[in-house]
Amino acid sequence: MTLQDRKTEADELRHEMLDLGWDVRPSVGKQIFLAKWNAIKNVTHGLIDEWGSLQYDPIREKQMPAVSTGIRLSADMIALDADVPDQDTADAIMDVIEEVIGSDRFEAAPARHSGGAKFMMLFRCPLEEIGAKVILSPDYVDSEGRKNQFEVYTGAHGGKFFGLFGPHSYDEAYQVAKT
């Protein structure tokens with residue numbers, strides 16, 4: 001698949017997500033290098049079409065494929081991030097989330113799954129129901145010595161970016177290292 005094919009595919013997803021009301025951004029893996037990305041207040045279909053297929057990565061000091069897609073947390077959003085190593089723990093957390101927010105909202109939520117059982121889900125939620133910008137659980141080390149943590153991020157801090165769809169990282173040869 002060519003870079004242009006990957007950009008076309010990413011743009012189709014971005015247009016679809018915008019139609020669903022999500023504040024999308026192009027990214028290089030899970031990182032965003034789009035200039036002034038947080039100052040963009042109203043993403044439009046025209047703006048999505050204008051975004052290039054490359055972004056300058058100051059870490060690698062070169063242009064990198066911007067064919068991943070993320071979402072900027074707006075003031076009415078929360079991100080639930082479960083950094084857990086085993087599927088049983090992840091499933092138990094997802095069951096609680098679904099019970100609290102309801103099956104319809106749970107099924108419609110954008111989600112990222114990475115690193116085994118780790119996952120993140122995004123939801124719309126009035127901030128007065130949360131009352132904080134970030135909530136972190138204490139680290140928990142399980143019987144196998146693995147770290148577990150659950151994090152809740154809100155859009156209250158002016159918009160945090162989370163890469164959700166597409167390749168998550170690239171190796172030094174410009175090849176997708178992890179999707």
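**Cores, sheets and salt bridges in the predicted model**

Leu122 touches Trp22, Ile71, Leu73, Met77, Ile78, Ala79, Ala109, Pro110, Phe162 and Leu164, when residues up to four places away in sequence are left out of the count. The model in which these contacts were computed is a predicted one. Leu122 is also among the residues with the most contacts inside the largest nonpolar core, a set of 21 residues in which Trp22, Val43, Ile71, Leu73, Ala79 and Phe162 are likewise named for their contacts. Helix 1, strand 5, strand 7 (118-124) and strand 11 each supply at least two residues of this core, and strand 11, with three residues, gives the most. A second core, separate from the one described above, consists of 16 residues and includes Ala90, Ile93, Ala117 and Cys125. In soluble globular proteins, nonpolar side chains tend to be buried together.

Strand 11 also takes part in an open sheet of three strands, which are arranged in the order 1-4-11 with antiparallel pairing. Strand 1 (24-27) and strand 11 (161-165) are the edge strands of this sheet, each pairing on one side only, and the twist from one strand to the next averages 40°. Strand 1 is joined to strand 4 (residues 68-72) by four bridges, the two strands running antiparallel; within this pairing, Val24 has Ile71 of strand 4 as its bridge partner. Helix 1 (residues 3-19) packs on the sheet, where it touches strand 1, strand 4 and strand 11, and its direction makes about 160° with that of strand 1.

A further antiparallel pairing is found between strand 2 and strand 3 (residues 62-65), which are joined by four bridges. These two strands form a hairpin with four residues between them, and Glu61, which lies in the turn, has a positive phi of about 55°. Leu54 of the hairpin stands opposite Pro65 in strand 3. In a regular strand the side chains alternate between the two faces of the sheet. Such an alternation is seen along strand 2 (residues 54-57), where Gln55 and Asp57 point to one face and are buried, whereas Leu54 and Tyr56 point to the other face and are not buried.

Asp57 also takes part in one of the salt bridges, of which the structure holds nine. Its partner is Arg60, and the closest N and O atoms of Asp57 and Arg60 are 2.4 Å apart. The two residues of this pair differ in accessibility, because Asp57 counts as buried at 0% relative accessibility, while Arg60 is partly exposed with a relative accessible area of 26%. In the salt bridge between Arg25 and Asp23, by contrast, in which the closest N and O atoms are 2.5 Å apart, both Arg25 and Asp23 are buried.

A salt bridge also connects the side chains of Asp86 and Arg146, with an N to O distance of 3.6 Å. Asp86 lies in the loop between strand 5 (77-83) and helix 3 (87-101), and Arg146 lies in the loop between strand 9 (140-141) and strand 10 (147-154), so the pair ties together parts that are 60 residues apart in sequence. Asp86 has a relative accessibility of 19% and therefore counts as buried, the cut-off for this class being under 20% relative accessible area, whereas Arg146, at 26%, is partly exposed. Through salt bridges that share partners, Asp86 and Arg146 are joined with Asp142 and Glu144 into one network.

Notes
Residues are numbered from 1 along each chain as its sequence is written. This is a predicted model: local features need pLDDT of at least 70, side-chain atom pairs count only at pLDDT 80 or more; totals for chains, interfaces and linings use all residues. Side-chain values use heavy atoms; hydrogens and water are left out. A salt bridge is a side-chain nitrogen of Lys or Arg within 4 Å of a carboxyl oxygen of Asp or Glu. Buried means under 20% relative accessible area, exposed over 50%, partly exposed in between (1.4 Å probe, protein chains only). Two strands pair if DSSP finds at least two bridges between them. Axes are lines fitted to C-alpha atoms, for helices over the stretch in contact, and angles run from 0 to 180 degrees between N-to-C directions. Contact means heavy atoms within 4.5 Å. A nonpolar core is a set of buried Ala, Val, Leu, Ile, Met, Phe, Trp, Tyr and Cys residues joined through side-chain atoms within 4.5 Å.
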